[in-house]
Amino acid sequence: MPLPVPVVFHTDEALEGFSSRLSIANGFPSVRMFLSMTGIHAANLVRGDVEAVRRLAHWSGAASDHLMKSAVAKQSKAAIWRLGEAAFKKEARRGKRFRYCPQCVIDDLVHGTGRPEARPYLRVEWLSREVRNCVKHRQPIVEVDIPDGHEDDLCAFVMHNSDSIRSSAKCEEGSRSVALDAYVSNRIKGILREPFLDRLETYVVIELSHHLGAFLERHTQGLDLVADAATFVTQREAGFLLARRGHAAIRDVIVDVIRIERPQGHLRFGFGSLGRWLRSNSDKPEYAEILEIFQDAAEQNLPVGPGDECFVPVRRRYLHSVNTACAEYGLYDERVVQLLVDAGIIEIDNRTHGSIYFDADKAHPILLAAASMLTSKEAAKQLGASESIVDGLLKGGLLPRAEVREDVRVYSRIRKTDLDALRDQVFANATLISADRSMATIKRICQITGCEAVDVFAAIIGGNLKTAMLDGTHGRRIDAVLVEHEEAVRFFTSLRPSASKLAGVEVLTLKEGSERLGVKGGTVSYLAKVNLVETVKVRNHRTTRFQDCVTVASLDAFRSGHVPIAEIAKANGSHPIAIQAELAKIGVHPIYDGCGGNVSRFYRKADLTGVSIKVP
């Protein structure tokens with residue numbers, strides 16, 4: 001049978017609040033004792049357990065089905081919980097804290113029925129932290145932590161804190177917008193009044209409102225987009241006021257922002273936290289409808305295409321910017337602009353090329369035709385050569401440039417017909433041969449002679465070099481062309497001036513100088529180091545670097561006054577060490593010593609006058 005003192009159950013009352021009122025009205029010292037004596041497990045009651053609700057109905061006299069319908073919290077998978085008919089994430093739980101509207105509590109005390117201490121009742125929407133304002137009074141919900149050791153008993157809390165609650169209550173309604181709070185409250189109660197948003201889970205609507213509001217604020221759209229809002233509108237409230245307008249309104253705002261800001265074609269548009277939220281939930285079905293709105297708006301209004309990603313990978317391209325078209329078709333930007341202006345697809349625009357958008361489908365045949373020519377990289381691949389060789393062919397005039405841009409770096413396009421014509425000339429007289437060591441590749445000839453590849457091709461085309469191909473080689477690739485080694489060396493050597501002509505005096509390389517003196521290879525280099533012979537800088541045609549050459553005049557002048565120890569030893573039928581030791585006994589020494597094993601030692605002829613040793 002019901003308890004002696006009845007308590008009227010409110011349709012928007014939470015079960016734990018109802019048990020609190022029933023307990024205090026009937027004189028129980030605590031709600032914990034009430035639940036214990038009536039055999040009701042608190043956790044089961046919160047979860048809406050049938051037996052726990054039946055017992056509460058028995059002791060309160062309220063209808064069990066009314067209690068069961070009223071704001072029952074049910075645990076679900078994936079950290080989602082349900083409060084009435086609304087689903088929330090775990091962050092929305094109130095935890096160990098009282099949540100209440102001070103004005104509502106005062107209204108209960110003043111206008112409620114029954115014992116005063118049992119009048120304040122816990123509204124079901126106060127259990128979710130996503131309801132942040134009282135819809136009736138337009139005032140923020142107050143949150144107070146429940147001290148350790150105290151019970152979750154709102155009536156007892158109000159009874160001990162009524163003075164502070166009265167002082168914080170405001171008589172007049174606030175001026176803040178509470179549309180989202182009202183919506184969440186309705187969803188808890190199963191009231192559906194928003195056809196678009198009601199298709200979504202409640203927590204999805206809340207998150208959408210938050211991130212959409214942040215997007216509006218970031219892109220300085222402000223509250224002009226939600227002019228029907230009240231005086232004070234929070235960020236998430238602004239997002240909700242837009243979201244409730246539906247699919248088309250959301251899309252229109254996104255499109256307007258994109259068109260106003262016109263992000264550079266090679267940069268990701270700044271969706272901020274909205275973008276991160278959508279990407280992080282892109283694989284969850286409850287977000288699919290919202291994701292599609294933003295993905296579709298981005299794809300149709302940003303210059304993105306397959307291979308790019310907005311929130312999920314882009315499915316097709318609707319727009320190009322000049323920059324993205326350059327990247328896709330391999331054309332330089334001024335060329336793209338000129339082609340599209342000529343075709344009437346765009347007008348001359350002072351904006352940066354990344355911000356000039358145009359219809360990708362209309363431009364495709366025009367840009368594809370322009371891109372049908374080869375880039376230098378593609379030409380190099382077909383020829384079997386490096387890009388530097390192709391660049392040399394272009395600079396040497398052997399391969400014409402179809403498109404040239406001169407205001408910045410040279411950017412080249414090559415007609416396939418011109419490439420085929422070049423190959424026809426190179427392979428015109430090539431014969432098939434088996435392996436032959438006397439033949440060398442063009443690359444090897446360049447290494448040996450120091451010439452450029454374009455010089456070799458010019459010689460081949462001019463008929464100055466015979467060409468061949470190894471039997472079984474296919475594709476007419478120039479890396480398969482062979483030329484006769486000695487013929488190529490003779491030809492290119494004959495074209496270059498000698499080192500003496502370049503220096504203006506007769507010179508020899510340091511190695512050649514040592515050979516002229518008939519001494520060890522490092523000797524002349526050492527003589528130059530100690531300033532006994534004169535050297536000049538001459539550019540090496542193979543390495544293109546300057547190298548030291550010795551003048552023949554200084555070399556002959558040195559030799560006329562000096563004799564190497566090896567020649568003295570040979571003239572005396574002795575060994576250089578023995579000769580050096582014998583001369584040392586009479587105080588005659590080489591002009592230098594301690595110079596290493598690859599340097600021949602010399603004596604001054606003047607120092608050898610009158611010695612008993614034969615001097616050549």
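Which residues are exposed on the other side of helix 23? The first legend below takes this up. Every view shows a predicted model.

**View 1. Helix 23 has a buried side and another side with exposed residues.**
Helix 23 spans residues 485–495. Its buried residues are Glu487, Ala488 and Phe492. These three cover an arc of only 115° around the axis, which puts them on the same side of the helix. An α-helix has 3.6 residues a turn, so residues three or four places apart point the same way. On the other side of helix 23, the exposed residues are Arg490 and Ser494. The buried residues pack against three elements: helix 21 (442–449), helix 22 (453–461) and strand 16 (481–484). Look also at the start of helix 23. There, a side-chain oxygen of Glu484 comes to within 3.1 Å of the backbone nitrogen of Glu486.

**View 2. Helix 18 packs against helix 19 at an angle of about 105°.**
Helix 18 covers residues 376–383, and helix 19 covers residues 387–395. Their axes are 8 Å apart. Angles from 65 to 115 degrees count as roughly perpendicular, and the two helices are therefore roughly perpendicular to each other. Helix 18 brings Ser376, Lys377, Ala379, Ala380 and Leu383 to the contact. Helix 19 meets them with Glu387, Val390 and Leu393. By type, the residues of this contact divide into five nonpolar, one polar and two charged.

**View 3. Helix 13 has buried residues covered by other helices.**
Helix 13 runs over residues 272–280. Which of its residues are buried? They are Gly272, Leu274, Gly275, Trp277 and Leu278. Their cover includes helix 10 (202–218) and helix 14 (288–301).

**View 4. Ser514 is a buried residue of helix 25.**
Helix 25 holds residues 510–517. Is Ser514 buried or exposed? Its relative accessibility is 1%. Buried means under 20%, so Ser514 counts as buried. Leaving out residues up to four places away in sequence, Ser514 touches Val519, Lys520, Gly521, Gly522, Thr523 and Val524.

**View 5. Arg55 in helix 4 touches Thr38, Gly39 and Ile40.**
Helix 4 covers residues 50–60. Arg55 has 30% relative accessibility, so this residue counts as partly exposed. The three contacts with Thr38, Gly39 and Ile40 leave out residues up to four places away in sequence. With Thr38 there is a polar pair: the backbone oxygen of Thr38 lies 3.4 Å from a polar atom of the Arg55 side chain. Now turn to Asn464. How many residues separate Arg55 and Asn464 in sequence? The answer is 409. In space, the two are 111 Å apart, C-alpha to C-alpha.

**View 6. Arg138 has a positive phi in a loop between two strands.**
Arg138 is not a glycine, yet its phi is about 55°. The loop lies between strand 5 (133–134) and strand 6 (139–140). At 29% relative accessibility, Arg138 counts as partly exposed.

**View 7. Asn531 also has a positive phi.**
Here phi is about 65°, although Asn531 is not a glycine. Where is Asn531 found? It sits in the loop between helix 26 (523–529) and strand 18 (535–539). Its relative accessibility is 65%. Exposed means over 50%, so Asn531 counts as exposed.

Notes. Residues are numbered from 1 along each chain as its sequence is written. This is a predicted model: local features need pLDDT of at least 70, side-chain atom pairs count only at pLDDT 80 or more; totals for chains, interfaces and linings use all residues. Side-chain values use heavy atoms; hydrogens and water are left out. Buried means under 20% relative accessible area, exposed over 50%, partly exposed in between (1.4 Å probe, protein chains only). Helices (H or I, at least four residues) and strands (E, at least two) are DSSP runs, numbered from the N terminus. The arc is that of the directions from the helix axis to the C-beta atoms. Contact means heavy atoms within 4.5 Å. A polar contact is a pair of N or O atoms within 3.5 Å; within protein, one must be able to donate a hydrogen and the other to accept it, and residues adjacent in sequence count only if both atoms are side-chain atoms. Axes are lines fitted to C-alpha atoms, for helices over the stretch in contact, and angles run from 0 to 180 degrees between N-to-C directions. Angles under 35 degrees count as roughly parallel, over 145 as roughly antiparallel, 65 to 115 as roughly perpendicular and the rest as oblique. Ala, Val, Leu, Ile, Met, Phe, Trp, Tyr, Cys and Pro count as nonpolar, Asp, Glu, Lys and Arg as charged, and the others, Gly among them, as polar.
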